[in-house]
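Ready for some practice at reading a protein model? Grab a pencil and work through the exercises one step at a time.

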Amino acid sequence: MKKLWKQLGRKVVPVLMMVLLLTMTASAEGYSGDNSLAALGVENGTVTPEFEYSTWEYNVTVAPGTTELILNPVPSDPNAQVIDISGTTLGEDGTTTVVITVQAENGDQFPYTLHVTTDQHLRQRKLLRQRHRRRRQKMQK
């Protein structure tokens, strides 16, 4: 009888393992692999080129004096999620690189990259206004 159970066990266990593996694979295949964004959600800058889910790198221009890029990215798939947003604080030079990482339901991850710069034309205008204001204040004294 022991011999029979041993022989049966040698045949049944591999079959059960195979069934378990196939079940797990079928379950994983049912998860969405969509790790794209429907919108970048940039709230305080201008994005170029215009957003399209299949474009992965963008340039963002912000106004002078901006210290942080404000984002509210929206995944295309309701089961996907934004798992990381890094680099939103601008450096002293008015630039930064932001990486938004989106994770699909099946675990696949994808990064969107935003190259952020301060609009130099607006910055120059702001500096000129400040100089002009100082001159007027000196003249009024």
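**Exercise 1. Work out how accessible phenylalanine 110 is, and find its aromatic partner.**

Step 1: Phenylalanine 110 has a relative accessibility of 22%, so it counts as partly exposed (buried means under 20% relative accessible area, exposed over 50%, partly exposed in between, with a 1.4 Å probe and protein chains only).

Step 2: Before going on, know your model: it is predicted, local features need pLDDT of at least 70, side-chain atom pairs count only at pLDDT 80 or more, and totals for chains, interfaces and linings use all residues. Residues are numbered from 1 along each chain as its sequence is written, and side-chain values use heavy atoms, leaving out hydrogens and water.

Step 3: Now look for ring pairs; the structure holds four (rings of Phe, Tyr and Trp, the last by its six-membered ring, pair if their centres lie within 6.5 Å; planes under 30 degrees apart count as stacked, over 60 as edge-to-face and the rest as tilted). One of them joins phenylalanine 51 and tyrosine 112, tilted, at 6.5 Å centre to centre with 40° between the planes. That pair links distant parts of the chain, 61 residues apart: phenylalanine 51 sits in the loop between S2 (46–48) and S3 (57–62), tyrosine 112 in strand S7 (residues 109–118) (strands are DSSP runs of E, at least two residues, numbered from the N terminus).

Step 4: Tyrosine 112 is buried at 1%. Phenylalanine 110 pairs with tyrosine 112 edge-to-face, 5.5 Å centre to centre and 80° between the planes.

Step 5: Zoom out: Phe110 and Tyr112 share one aromatic cluster with Phe51, Trp56 and Tyr58.

**Exercise 2. Find out how S6 pairs with S7.**

Step 1: S6 and S7 run antiparallel over nine bridges (two strands pair if DSSP finds at least two bridges between them).

Step 2: For a matching position, take threonine 97, which stands opposite histidine 115 in S7.

Step 3: At the turn, five residues lie between the strands of this hairpin, and glycine 107 takes a positive phi near 100°.

**Exercise 3. Decide where the model deserves caution.**

Step 1: The chain's mean pLDDT is 82, with 72% of residues reaching 70 or more (pLDDT is the predictor's confidence in each residue, from 0 to 100).

Step 2: Over residues 19–27, pLDDT stays under 50, and the model has zero contacts there beyond four places in sequence (contact means heavy atoms within 4.5 Å).

Step 3: Where pLDDT is low, the predicted coordinates should not be read in detail.

Conventions:
Helices (H or I, at least four residues) and strands (E, at least two) are DSSP runs, numbered from the N terminus.
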